[in-house]
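Welcome, and thanks for taking a look. Here is a short briefing to help you find your way around.

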Amino acid sequence: MAKKKTKKSSEDREGISLPSFSMDVKTKRRVLAVLCGTFALVFLFAFFDKAGAGGNVLFSFSQDLLGKGVFLVPLLLLIAACILITLQEGGARPVFLSLFLLLLGIDGALGGFARMKGLDVKEIAGLFGSTASFPVFATFGFWVAELLFGAALAVSLVILWQLFPKSAKEKITLKEESVEKFKKVFEEELEAKSEEPPPAFAP
């Protein structure tokens, strides 16, 4: 009897088909963008003690984790939301990788600076910066540690620039080219005026 029941239950399970739910990459990016923008606003409200008890817990936890770097979290989340919305292809991993490297560079540099000055490392750089800066600072010293964390920061900015929308980058380059053209025209006019002979006065 027990064997028959198990057979019936297995048949019933096989007969039940759950609805499949899948999202394409573009929809996933948009959902993540909405979440990033929402959490950025929650952090902003929490900074001004307007997010209730939950916001205060989130802020205190993030401050213990990131130290002074917590004040960059809303800006980084807004940048991530903008890039995820305007990104044409690819997933969201490079975006969050660049933000992780950005926080690593900033908090690591703050941790190295606090260690050199003898300050409270966890208060300034948080648990993340303290953990990241300890082996690097102990192995290489202050200046090389700051150089390595600066390199991580530079790599994150390069990745963010590559992920930045092409239209925005083209606008920036067009503005730079127009400024250069204006400078050249202005310099040519000044040179032409300087080469003109002075007016002759009649006796």
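A residue counts as buried when its relative accessible area is under 20%, as exposed when that area is over 50%, and as partly exposed in between. By that yardstick, 28% of the 203 residues of the chain are buried. Please keep in mind that this is a predicted model.

**The chain as a whole**

- The chain holds eight helices and zero strands.
- Read from the N terminus, its elements follow the order α-α-α-α-α-α-α-α.
- About 14700 Å² of the chain is exposed, and carbon and sulfur atoms supply 67% of that area.
- Among contacts with a separation of 6 or more, 63% join residues that sit 24 or more positions apart.

**A nonpolar patch on the surface**

- Met23, Val31, Leu35 and Phe39 make a nonpolar surface patch of about 330 Å².
- Where is Met23, one of the residues of this patch? Met23 belongs to the loop between helix H1 (2–15) and helix H2 (25–47).
- Met23 is partly exposed because its relative accessibility is 33%, a value between the 20% and 50% cut-offs.

**Aromatic rings**

- Searching the whole structure gives six aromatic pairs.
- One of them joins Phe47 and Phe59 edge-to-face, with 5.3 Å from centre to centre and 75° between the planes.
- This pair links distant parts of the chain, as Phe47 is in helix H2 and Phe59 is in helix H3 (residues 52–66), twelve residues apart.
- Are the two partners buried or exposed, or in between? Phe47 has a relative accessible area of 24%, so Phe47 is partly exposed, whereas Phe59 is at 17% and therefore counts as buried.
- Ring pairs also tie Phe43, Phe47, Phe59 and Phe71 together into a cluster.

**Pro74 and its surroundings**

- Pro74 is part of helix H4 (residues 73–86).
- With a relative accessibility of 3%, Pro74 counts as buried, because this value is under the 20% cut-off.
- Setting aside residues up to four places away in sequence, Pro74 touches Ala40, Phe43, Leu44 and Phe47. Phe43 and Phe47 appear in the ring cluster too.
- Pro74 and Leu44 are 30 residues apart along the chain, and their C-alpha atoms are separated by 6.6 Å.

**Two serines to look up**

- Ser156 is located in helix H7 (residues 142–163).
- Ser156 has a relative accessible area of 0%, so this residue is buried.
- Which residues does Ser156 touch, not counting those up to four places away in sequence? They are Ser98, Leu101 and Leu102.
- A polar atom of the Ser156 side chain lies 2.5 Å from the backbone oxygen of Leu153.
- Ser130 is found in helix H6 (residues 121–140).
- At 11% relative accessibility, Ser130 counts as buried.
- Apart from neighbours within four places in sequence, Ser130 is in contact with Arg115, Val121, Lys122 and Ala125.

Notes:
Residues are numbered from 1 along each chain as its sequence is written. This is a predicted model: local features need pLDDT of at least 70, side-chain atom pairs count only at pLDDT 80 or more; totals for chains, interfaces and linings use all residues. Side-chain values use heavy atoms; hydrogens and water are left out. Patches are made of residues with over 30% relative accessible area and no salt bridge: like charges are joined within 9 Å, nonpolar side chains (Val, Leu, Ile, Met, Phe, Trp, Tyr) within 5 Å. Accessible areas come from the Shrake-Rupley method with a 1.4 Å probe; for residues, only the protein chains shown count as cover. A salt bridge is a side-chain nitrogen of Lys or Arg within 4 Å of a carboxyl oxygen of Asp or Glu. Helices (H or I, at least four residues) and strands (E, at least two) are DSSP runs, numbered from the N terminus. Buried means under 20% relative accessible area, exposed over 50%, partly exposed in between (1.4 Å probe, protein chains only). Contact means heavy atoms within 4.5 Å. A polar contact is a pair of N or O atoms within 3.5 Å; within protein, one must be able to donate a hydrogen and the other to accept it, and residues adjacent in sequence count only if both atoms are side-chain atoms. Rings of Phe, Tyr and Trp (its six-membered ring) pair if their centres lie within 6.5 Å; planes under 30 degrees apart count as stacked, over 60 as edge-to-face and the rest as tilted.
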